[in-house]
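Subject: Structure for you to look at

Dear colleague,

I am passing on the structure we spoke about, and below it you will find my notes on what turned up when I went through it. Please read them with the structure open beside you.

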Amino acid sequence: MISRSMQAAALVATLLAIPAVQAVEVAGVKMEDQVKVGANELVLNGAGVRTKVFVKVYVGALYVSQKANTPAALLDAASPRRMTMRMLRDIDADTLYGALRDGLKDNNSEAELAALKASTDQFAEIMKKVGTAKVGDTVAIDFTADGVAVSFNGEPRGKVAGGTFGKALLKVWLGDNPVDSSLKKALLGG
C-alpha cells in the first residue's frame, strides 16, 4: 500500500512538472508567457508600452524561440519571432502603417529601403486590410525564414515573402533609432 504522504509527494511532483502558463501584465494588459507560431513554441522575451508624446499607443510584446538581450541576437536569429501589439487606443491603418514606415526609414539606409520597396509596398497593402484597430485589438507580426505574416485579432491578413524584409521591419523596435527607446529596452527584457 502507498501511504498518503507518498501520494501527496507524487501529486506535488506531478504538478511541479507541468509547465505553468503565466501571463505578464503590462499597463493592465495580460501578455502570455508563450505563444505558438506554426509548429514553434515561442517564449516572451520582453513587453512594454509604446508611447508617443505621453500617449500610450499599444503594449508591445516580443516572442522568440530563445531569449536574448541584444538587438543583434534577435535581428539575426534564423528562428521564428513574433511582435504583438495590443492597442491601448483606437488607431487607423494609415497611422499605424505610417509609424512603421517611419521606423523603417529611421533604421535602414536608402539603399536598403530601395531594395525593399516591393516588399514595403506589399506590407502597406496588408496593413490597409487591417483597417482601424480599436482599444483591445491585437496586431501580430510573425517573422519567419520565409517572410513576414500579419494577423489581426488572430485572423491572417497577408504575408510578405522573404527574410530580408523581416529583419528591416524588426529594426523598427530593435534598431539604432527605435520608435520608442523605453519599449526597445523592455522588449530586450530590461
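The buried residues of helix H6 are Phe-165, Gly-166, Ala-168, Leu-169, Leu-170, Lys-171, Val-172, Trp-173 and Leu-174, and you should keep in mind throughout that this is a predicted model. Because nine of the twelve residues of H6 are buried, this helix is largely enclosed by the rest of the structure. H6 covers residues 163–174, and the distance from its first C-alpha to its last is 16 Å, close to the 16 Å expected at 1.5 Å a residue.

Helix H5, which takes in residues 117–130, has 14 residues that should span 20 Å at 1.5 Å a residue, and its end C-alpha atoms are indeed 20 Å apart, so the two values agree. Its buried residues are Ser-119, Thr-120, Phe-123, Ala-124, Ile-126, Met-127 and Val-130. These cover an arc of only 165 degrees around the axis, and they therefore lie on the same side of H5. The face turned away from that buried side carries the exposed residues Ala-118 and Lys-129. As for what the buried residues of H5 pack against, the partners are helix H3 (93–107), strand S7 (138–144), S8, S9 and H6. Just after H5, Gly-131 takes a positive phi of about 75 degrees.

Two further residues deserve a look for their backbone angles, since most residues other than glycine have a negative phi. Phe-54, which is not a glycine, has a positive phi of about 70 degrees, and its place is in the loop between strand S4 (40–52) and strand S5 (55–64). With a relative accessibility of 83%, Phe-54 counts as exposed, the cut-off for that term being over 50%. Asn-153 also has a positive phi, in this case near 50 degrees, and is found in the loop between strand S8 (147–152) and strand S9 (155–161). Asn-153 has a relative accessible area of 40% and is partly exposed.

Turning to the protein as a whole, there are seven helices and nine strands, and buried residues make up 42% of its 190 residues. Among the contacts with a separation of 6 or more, 56% are accounted for by residues 24 or more positions apart. The protein exposes about 10,200 Å², of which carbon and sulfur atoms supply 55%.

With best wishes

Definitions and conventions:
Residues are numbered from 1 along each chain as its sequence is written. This is a predicted model: local features need pLDDT of at least 70, side-chain atom pairs count only at pLDDT 80 or more; totals for chains, interfaces and linings use all residues. Side-chain values use heavy atoms; hydrogens and water are left out. Helices (H or I, at least four residues) and strands (E, at least two) are DSSP runs, numbered from the N terminus. Buried means under 20% relative accessible area, exposed over 50%, partly exposed in between (1.4 Å probe, protein chains only). The expected span of a helix is 1.5 Å times one less than its number of residues. The arc is that of the directions from the helix axis to the C-beta atoms. Contact means heavy atoms within 4.5 Å. Accessible areas come from the Shrake-Rupley method with a 1.4 Å probe; for residues, only the protein chains shown count as cover.
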